[in-house]
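Please take a moment with the sequence and the model below before reading on. The paragraphs that follow go from the whole chain to a few single residues.

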Amino acid sequence: MTKGKVIQIGLFISFIGLISYKFAPQIGLDNFTATTLSSCILILIVITWVTSYVYRVVNGKMTFMEQRKRYRKEYEKVVNDKLETKFNALSKEEQQKLMEDLEKNP
């Protein structure tokens, strides 16, 4: 999630709280009830947001972790391709000797 997206979500949450506070008296709720309702809505949103964050942390679904996994996968692909190219460039005897050496020294 980008910084801009976090700011947009924060503004949206504030807007929801403002709307619920301003329109509650129009549906017949007094000021105290409107304030309480607005606060409850905002608290529920924040609790949901924090819970989703903790869930992503526990399951390793954080943005950094996802980027790291993608980078690692691409890195391994490039390295394996290079190793395969070098291995295929060797003669059959050199390939066989290398395989024997690897089997001896894992």
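How far apart are the mean positions of the positive and negative charges of the protein? In this predicted model, the protein carries 16 positive and 11 negative charges, and their mean positions are 12 Å apart.

To place that value in context, it helps to look at the overall form of the chain. The secondary structure of the protein consists of four helices and zero strands, so that, read from the N terminus, the order of elements is α-α-α-α. The C-alpha atoms occupy a box of roughly 90 × 25 × 15 Å along the principal axes, and the radius of gyration is 29 Å, where a compact globule of 106 residues would have one near 13 Å.

The surface and the contacts can be read alongside these dimensions. Buried residues account for 8% of the 106 residues in the protein, and the accessible surface comes to about 9200 Å², with 65% of that surface belonging to carbon and sulfur atoms. Among the contacts with a separation of 6 or more, 33% are between residues that lie 24 or more positions apart.

A word on confidence belongs here, before single residues are discussed. The mean pLDDT of the protein is 85, and 98% of its residues reach 70 or more. Among the elements, the lowest mean pLDDT, 82, is that of helix α1 (residues 3-23), while helix α3 (residues 63-89) has the highest, 90. Where pLDDT is low, the predicted coordinates should not be read in detail.

Helix α1 offers a starting point for the residues, since Gly10 lies there. Is Gly10 buried, exposed or partly exposed? Gly10 counts as partly exposed because its relative accessibility is 27%, a value that falls between the limits of 20% for buried and 50% for exposed. Its C-alpha atom is separated by 46 Å from that of Lys82, a residue 72 positions away along the chain.

In helix α3 one finds Leu83, and here the relative accessibility is 52%, so Leu83 counts as exposed, the cut-off for that class being over 50%. Between Leu83 and Arg70, which are 13 residues apart in sequence, the C-alpha to C-alpha distance is 20 Å.

The last stop is Leu98, which is found in helix α4 (residues 92-104). Leu98 is partly exposed because its relative accessible area is 34%. Once its neighbours within four places in sequence are set aside, Leu98 is in contact with Phe87 and Leu90. For the pair Leu98 and Phe87, eleven residues apart in sequence, the C-alpha atoms are 9.1 Å apart in space.

How values were computed
Residues are numbered from 1 along each chain as its sequence is written. This is a predicted model: local features need pLDDT of at least 70, side-chain atom pairs count only at pLDDT 80 or more; totals for chains, interfaces and linings use all residues. Side-chain values use heavy atoms; hydrogens and water are left out. Helices (H or I, at least four residues) and strands (E, at least two) are DSSP runs, numbered from the N terminus. The radius of gyration is taken over C-alpha atoms; the globule rule is 2.2 Å times the number of residues to the power 0.38. Buried means under 20% relative accessible area, exposed over 50%, partly exposed in between (1.4 Å probe, protein chains only). Contact means heavy atoms within 4.5 Å. Accessible areas come from the Shrake-Rupley method with a 1.4 Å probe; for residues, only the protein chains shown count as cover. Lys and Arg count as positive and Asp and Glu as negative; His and the chain ends are not counted. The place of a charge is taken as NZ of Lys, CZ of Arg, CG of Asp or CD of Glu. pLDDT is the predictor's confidence in each residue, from 0 to 100.
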